[in-house]
Amino acid sequence: MAVVVALGAFLMTLFGGWVAQRVTDRRHLVLGLAGGLMLGVVGLDLLPEALEAAGQDVFGVPEALLLFVGGFLFAHVMERLLAVRSAAHGAGSDWGAEQSTPTGGGGRKEGERVPQVGLTAAAAMVLHSLMDGVALGAAFQVGGGMGATVALAVITHDFADGFNTYTITSLYGNARRKALAMLVADAVAPLVGAASTLLFTLPEELLGAYLGFFGGALLYLAAAEILPEAHHEHPARSTLLCTVAGVAFIWLVVGLSGG
């Protein structure tokens, strides 16, 4: 039953990616919505689940929150390292031009993005979807009622996962085929995760630790990359409304699924 439900998540993920492709002429609205969806997923879904599953204190601070901060810092450090590496590779042939061009952190030209960051973030989204499938399978092992509740949450917010996976891969300058490949991988991941529960179950504390770490990384991408980009050229009220709508959508999903 869990694998059958995961087929719904598969289709919903592809639908989210399709929507992200179709509205490219309203890029600022797409990014505003993506940022809101990511913020909602982190604050209203991932972090509460992480605190519940891995709530043991480490020197006075819940383990999940430490990993949340660690994930945020990890995403920041990885982006800086990849940016520096990218700038170093281009320094030989274009050094003079870069010196006269306004740069961001790490020597990048202003507005330039490192494709590897987008692929890494998308890979984290795929891993998250895999864990969604595992959670779905484990819920059905507990009982049909629990499985139905988790299924509603997984299927509905996989729209956001597909939307964000395609958007963030494309945002960092990756080719369309790579964005589509990551979207398909994200869609297949819940199926694989649900099927894997026929063989094993993931310890709750380990799942909580992962959710905390991933939530921190996702928050960094939303707050430091996607939302500033959304408002950079189009600081319109409509962009802000899309961000709020994204958060509200995830709140609705969490509420309908019973948290």
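This report walks through the fold, the nonpolar cores and two loop residues of the chain shown above.

**The overall picture**

Keep in mind that this is a predicted model. The chain has eight helices and two strands. Follow the sequence from start to end and you meet them in the order α-α-β-β-α-α-α-α-α-α, with the two strands coming after helix 2. Out of 259 residues, 44% are buried. The exposed surface adds up to about 12,400 Å², and 69% of that comes from carbon and sulfur atoms. As for who touches whom, take the contacts between residues at least 6 apart in sequence: 81% of them link residues at least 24 apart.

**What sits in the cores**

In soluble globular proteins, nonpolar side chains tend to be buried together. Here, the largest nonpolar core has 42 residues, and the members that touch the most others are M38, L46, F163, I168, L218, L221 and I226. Helices 1, 2, 3, 4, 5, 7 and 8 each put in at least two residues. Helix 7 (204-232) is the top contributor to this core, with eleven residues.

For a closer look, pick I226. Setting aside neighbours within four places in sequence, I226 is in contact with L31, A34, G35, M38, I168, L171 and L221. There is also a second, separate core of seven residues, with V5, A6, L136 and A151 among them.

**Two loop residues**

Now for a pair of residues on either side of strand 1. Here is how they line up:

| Residue | Loop | Relative accessibility |
|---|---|---|
| A54 | between helix 2 (27-53) and strand 1 (57-58) | 1% |
| F59 | between strand 1 and strand 2 (61-62) | 86% |

Is A54 buried or exposed? A54 counts as buried, because its relative accessibility is 1% and the cut-off for buried is under 20%. Which residues does A54 touch, beyond those up to four places away in sequence? The answer is E63, A64, E205, G208 and A209. On the distance side, the C-alpha atoms of A54 and L65 are 9.2 Å apart, with the two residues eleven places from each other along the chain.

F59 goes the other way: F59 counts as exposed, because its relative accessibility is 86% and exposed means over 50%. The backbone of F59 is worth a glance too. Most residues other than glycine have a negative phi. F59 is not a glycine, yet its phi is positive, near 55°.

Terms used. Residues are numbered from 1 along each chain as its sequence is written. This is a predicted model: local features need pLDDT of at least 70, side-chain atom pairs count only at pLDDT 80 or more; totals for chains, interfaces and linings use all residues. Side-chain values use heavy atoms; hydrogens and water are left out. Helices (H or I, at least four residues) and strands (E, at least two) are DSSP runs, numbered from the N terminus. Buried means under 20% relative accessible area, exposed over 50%, partly exposed in between (1.4 Å probe, protein chains only). Contact means heavy atoms within 4.5 Å. Accessible areas come from the Shrake-Rupley method with a 1.4 Å probe; for residues, only the protein chains shown count as cover. A nonpolar core is a set of buried Ala, Val, Leu, Ile, Met, Phe, Trp, Tyr and Cys residues joined through side-chain atoms within 4.5 Å.
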